[in-house]
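Biologist: I would like to go through this model and hear the grounds for each label. Please show it to me.

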Amino acid sequence: MQNTTKVTTPVMEDRNAWRWGFTPQAEIWNGRLAMIGFLAAILIELFAGQGVLHFWGIL
């Protein structure tokens with residue numbers, strides 16, 4: 001007699017999926033967009049020679 005067992009692979013969620021709410025995917029996208037924003041602010045300060053708020057004329 002042969003013992004057969006069914007092996008299933010676990011379902012992996014797509015980490016890059018755009019999901020709403022407090023999900024791991026939403027937090028990953030939040031972190032990515034925050035990094036882009038910080039990089040943009042640093043580049044504006046480096047190339048313009050002034051802070052972001054001064055660059056936009058807010059201060």
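Biologist: This is a predicted model. Which residues does Q25 touch, not counting residues up to four places away in sequence?

Modeller: Q25 touches E13, D14, R15, A17 and R19. Contact here means heavy atoms within 4.5 Å.

Biologist: Why is Q25 called buried?

Modeller: Buried means under 20% relative accessible area. Q25 has 5% relative accessibility, so Q25 counts as buried. Its place is in helix α1, residues 24-48. Across the protein chain, buried residues make up 7% of the 59 residues.

Biologist: What does the secondary structure of the protein chain come to?

Modeller: The protein chain has two helices and zero strands.

Biologist: How do you know what the radius of gyration of the protein chain should be set against?

Modeller: The globule rule is 2.2 Å times the number of residues to the power 0.38. A compact globule of 59 residues would come near 10 Å, but the protein chain has 23 Å. Along its principal axes the C-alpha trace spans about 80 × 25 × 10 Å.

Biologist: Which residues does UniProt list as "transmembrane region"?

Modeller: The unreviewed UniProt entry lists residues 33-56. In the model that span is 83% helix and 0% strand, and its end C-alpha atoms lie 20 Å apart.

Biologist: What makes up the exposed area of the protein chain?

Modeller: The protein chain exposes about 5,800 Å², and carbon and sulfur atoms supply 66% of that area.

Biologist: How many charged side chains are there?

Modeller: The protein chain has 4 positive and 4 negative side chains. The centres of the two sets lie 13 Å apart.

Technical notes. Residues are numbered from 1 along each chain as its sequence is written. This is a predicted model: local features need pLDDT of at least 70, side-chain atom pairs count only at pLDDT 80 or more; totals for chains, interfaces and linings use all residues. Side-chain values use heavy atoms; hydrogens and water are left out. UniProt positions are given in the numbering used here, feature names are shortened, and annotations may be inferred rather than shown by experiment. Helices (H or I, at least four residues) and strands (E, at least two) are DSSP runs, numbered from the N terminus. Buried means under 20% relative accessible area, exposed over 50%, partly exposed in between (1.4 Å probe, protein chains only). Accessible areas come from the Shrake-Rupley method with a 1.4 Å probe; for residues, only the protein chains shown count as cover. Lys and Arg count as positive and Asp and Glu as negative; His and the chain ends are not counted. The place of a charge is taken as NZ of Lys, CZ of Arg, CG of Asp or CD of Glu.
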